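Please read the following account alongside the sequence and the 3D view. It goes from the sheet to a helix beside it, and then to single residues.

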Amino acid sequence: MHPAGPEGALMVIARRLARADASVCLTGAGVSAESGIPTFRDAAKGLWSRFDPEQLASADGFRNNPDLVWRWYRDRVKAVQDAQPNPGHVALARLARSLDGFTTITQNVDDLHERAGSADVVHLHGRLTAYRCLECGTPVQLDLAQRLAAEPSVCAACAGLIRPGVVWFGELLDGGLWQRACAACQQAQVMLVVGTSGLVWPAAELPLLARRAGAHVVEVNPEDTELTGWADTCVRGRSGEVLPVLADQVERMVS
Ligand code: NAD
Ligand code: ZN
């Protein structure tokens, strides 16, 4: 804890952000938790506890049981559609508007950052609704009825199954997005790491990369994580409560 308390610690971070030429934020499922979207751990109490995650989130799992996997994702699409961005998402969009050279990188596959006003977000793990053919890879636009149907659609080109555009177990990240994320972390003087457990690689490597390149790394999370030891400053709290205070302070400094 900073001697001046949480507000004082945020003031120091705000000052660093306001002075930086480049800064970056990495978000995880925790940033969407206050919108009612379960984190990985919360989900493990529900559907994930009854099914092997690799059965739900892998190309083999989809081939073996397409309807089960499709319905699991369909329910997530519906949950995201019914959810609203929370004050944490809004605060990150405000930071991106206030600061020069602020890059938002997310592991989330929802669109809540965009709906809160963030542009050009690097979606390392893809997006739920960026559908494509499992076999030939052709991108496909699905209408609402197709997105929420009980079974996956079929590719017009090759009759393969249409899959959600997320990165599954055993799949590589998009090389261009990964390069962009690495470059942003290496250039940043400040990195915010918000709502991620740091268990999923290679995303968890980004704060280490930033730190090695000289960035001041700030973790915002109610709990300790795998990344806590790498953070220069830890702010223990919910993103929807911490980030609006930070955004207020940054806005006062740069206006
Ligand atoms: P995770 O579920 O492993 O960890 C979530 C972290 O968020 C935890 O450290 C927890 O303490 C923290 N947290 C919980 N509530 C918070 C709050 N209000 N404010 C700040 N932090 C809070 O999530 P992860 O590290 O992103 O890894 C999970 C993987 O699952 C990712 O690859 C992601 O793509 C995927 N996933 C995505 C979503 C989504 O798109 N919303 C949801 C669940 C899982
Ligand atoms: Zn196809």
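Helices and strands here are DSSP runs numbered from the N terminus, a helix having at least four residues and a strand at least two. With that numbering, E205 falls in the loop between strand 6 and helix 12, the latter spanning residues 206-212. The model is predicted.

The sheet is the place to begin. It is open and consists of six strands in the order 3-2-1-6-7-8, with parallel pairing. Strand 3 (122-123) and strand 8 (233-235) form the edges, each pairing on one side only.

Strand 1 has a partner on either side in that order. Residues 23-27 make up strand 1, and five bridges join strand 1 to strand 6 (residues 190-194), the two running parallel. Strand 1 is also joined to strand 2 by five bridges, again in parallel. Individual pairs can be picked out along these seams. S23 has F102 of strand 2 as its bridge partner. On the strand 6 side, C25 stands opposite L192, and L26 has V193 as its bridge partner.

How much of strand 1 is buried? Five of its five residues are, so that the strand is mostly covered, buried meaning under 20% relative accessible area. In a regular strand, side chains alternate between the two faces of the sheet. In strand 1, S23, C25 and T27 lie on one side and V24 and L26 on the other, and both sides are covered.

Part of that surrounding is helical. Helix 8, residues 87-98, lies across strand 1, strand 2 (102-106) and strand 6, and runs at about 150° to strand 2. Helix 8 has twelve residues and spans 16 Å from its first C-alpha to its last, close to the 16 Å expected at 1.5 Å a residue. Its buried residues are G88, H89, A91, L92, A93, R94 and L95. The cover over these residues includes strands 1, 2 and 6, together with helix 2 (30-33), helix 9 (112-115) and helix 13 (239-254).

The two ends of helix 8 can be taken in turn. At the N-terminal end, N86 acts as the cap, with a side-chain oxygen 2.7 Å from the backbone nitrogen of G88. S98 also belongs to helix 8, whose residues run from 87 to 98. The side chain of S98 reaches back to the backbone oxygen of R94 at 2.9 Å. S98 is partly exposed, with a relative accessible area of 23%. Beyond its sequence neighbours within four places, S98 is in contact with V250, E251 and V254. The C-alpha atom of S98 is separated by 16 Å from that of L10, a residue 88 places away along the chain.

T104, in strand 2, offers a view from inside the sheet. T104 has 3% relative accessibility and therefore counts as buried, the limit being under 20%. Leaving aside neighbours within four places in sequence, its contacts are C25, H113, D120, V121 and V122.

C25 raises a further point: how many disulfides does a search of the whole structure find? The search finds zero. A disulfide is a covalent bond between the sulfur atoms of two cysteines. For C25, the closest cysteine sulfur is that of C185, 9.9 Å away, and this is too far for a bond because a disulfide requires sulfur atoms within 2.5 Å. C25 is itself buried, with a relative accessible area of 0%, whereas C158 is partly exposed at 36%.

Two loop residues complete the tour. T225 sits in the loop between strand 7 (216-220) and strand 8. Is T225 buried or exposed? At 17% relative accessibility, T225 counts as buried. Its side chain makes a polar contact of 2.6 Å with the side chain of E219 and reaches the backbone nitrogen of L227 at 2.9 Å. Apart from neighbours within four places in sequence, T225 is in contact with T196, S197 and E219.

E205, the loop residue met at the start, is partly exposed, with 29% relative accessibility. Its C-alpha atom is separated by 9.2 Å from that of C182, 23 residues apart along the chain.

Conventions. Residues numbered from 1 in each chain as written. Chains lettered and ligands numbered in written order. Predicted model: local features only at pLDDT ≥ 70, side-chain atom pairs only at ≥ 80, totals over all residues. Heavy atoms only, no water. Pairing = 2+ DSSP bridges. Contact = heavy atoms within 4.5 Å. Axes fitted to C-alpha atoms, helices over the stretch in contact; angles between N-to-C directions. Buried < 20%, exposed > 50% of the residue type's maximum accessible area, 1.4 Å probe, protein only. Expected span 1.5 Å × (residues − 1). Polar contact = N/O pair within 3.5 Å; in protein donor to acceptor, adjacent residues only side chain to side chain.
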